[in-house]
Amino acid sequence: MDQQPSSIEARLARLSCATENIHPRPGFEERVLLAVQQSAVIDWRAGVWRVGRYGLILSVVAVALATVFAVQGAARADEMQAIAYGTVDSEW
Amino acid sequence: MGPLENAALRVQQGELEAFKEIVQATSAQLVRVAARVIGDMAEAEDVVQEAYVSAYQALILGQFDGRSRLPTWLRRIVINRAIDALRSRRRRPRLDDSALDASWDGAVSIESRLALVELNDWMNGLVPEQRATLSLSVLEGLSNLEIADAMGCTEGAVEQRLVRARVALRQRSQKNGSAT
């Protein structure tokens, strides 16, 4: 059967009428609100995780910097002690 | 400001009850739009539910600027989600059929569900954008400007999609006719 443009429009019009009374099942609104509430909880947890992750990265950086400063400080202290001993030696 | 835009403002202030008002006022229309685009009731409900969740998050983040009416904004989200669903369906075809699902008995008539099955079979194979455009134009009665606004394209692109969709349907019908 050859379907002409007019018959395509007629079929579309018929399907439009037949699907006019479509609506969600009873309880759909409650399910939506539950999903919205759950997404809010998940968002809150995701936020904590995100903040925690950044906190962890910052902590690692802080520990690394502290280690570098500590090593540098120890080296400087050793150097100062060596100079002090040298000074004492020459004075003595 | 309309009552729904007012409700949106209250949602932004953290009032979940106001979102319930929005859902109650818009869900029937949005599920019908999604069902006509997708051709499946259960999938349409899923799409609209996901759209509501992302709309709620957008409202909380203050991303609804009020330039368009709230129902228009929600419809835009649903249409984009529906097109995404059609695209993923092309990759992974659905095997189940909600037309005969007993959970719809008493909610939507069997005639409507069978009409959706027919619509889905007929439009199956159209490019998702063409299919959505044709559904919105002919079944929902939206203007080309409204469709262009909802789909983020020009009116010219809408016209082109409508022409191509009709040509594809005609070719399919002729092919089916000559095959039988």
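**Notebook: a predicted two-chain model**

I began with the pair formed by helix 1 of chain B and helix 2 of chain B, whose crossing is left-handed. I then looked up the geometry of this pair in the predicted model. The axes of helix 1 (residues 3-12) of chain B and helix 2 of chain B come within 8 Å, and I noted a crossing angle of roughly 145 degrees.

Next I listed the residues that make this contact. Helix 1 of chain B contributes Leu4(B), Ala7(B), Ala8(B), Arg10(B) and Val11(B). From helix 2 of chain B I recorded Ala18(B), Phe19(B), Glu21(B), Ile22(B) and Ala25(B). I sorted the residues of this helix contact by type and found 8 nonpolar, no polar and 2 charged.

**Entry on the core**

I turned to the largest nonpolar core, which holds 53 residues. Which of its residues touch the most other members? I noted Ala34(B), Ile38(B), Val47(B), Val48(B), Val78(B) and Ala82(B). Helix 2 (residues 16-38) of chain B supplies the largest share of this core, 10 residues.

I followed one of these residues, Val78(B), further. Leaving aside residues up to four places away in sequence, I found that Val78(B) touches Leu30(B), Val33(B), Ala34(B), Val47(B), Val48(B) and Ala51(B).

**Entry on chain A**

I looked up the make-up of chain A and found 2 helices and 0 strands. Of the 92 residues in chain A, I recorded 8% as buried.

**Entry on the contact between the chains**

How many residues does each chain bring to the contact? I noted 26 residues from chain A and 36 residues from chain B. On the side of chain A that touches chain B, helix 1 (5-18) and helix 2 (28-91) of chain A each supply at least two residues. Helix 2 of chain A gives the most to that side, with 10 residues. By type, I found that the residues on this side of chain A divide into 14 nonpolar, 7 polar and 5 charged.

**Entry on confidence**

I closed with the predictor's own scores. For the complex, the predictor gives an ipTM of 0.82 and a pTM of 0.75. For chain B, I recorded a mean pLDDT of 88, with 88% of its residues reaching 70 or more. Where in chain B is confidence lowest, and where highest? I found the lowest in helix 8 (residues 155-179) of chain B, at a mean of 87, and the highest in helix 6 (residues 128-139) of chain B, at 95. I add a caution for reading the model: where pLDDT is low, the predicted coordinates should not be read in detail.

Note on methods
Residues numbered from 1 in each chain as written. Chains lettered and ligands numbered in written order. Predicted model: local features only at pLDDT ≥ 70, side-chain atom pairs only at ≥ 80, totals over all residues. Contact = placed C-beta atoms within 7 Å. Helix = DSSP H or I, 4+ residues; strand = E, 2+ residues; numbered from the N terminus. Nonpolar A, V, L, I, M, F, W, Y, C, P; charged D, E, K, R; others polar. Core = buried A, V, L, I, M, F, W, Y, C linked by C-beta atoms within 7 Å. Buried ≥ 20, exposed ≤ 12 C-beta atoms within 10 Å, placed from the backbone. Axes fitted to C-alpha atoms, helices over the stretch in contact; angles between N-to-C directions. Left-handed = near helix turned anticlockwise from the far one by under 90°. pLDDT = per-residue confidence, 0-100.
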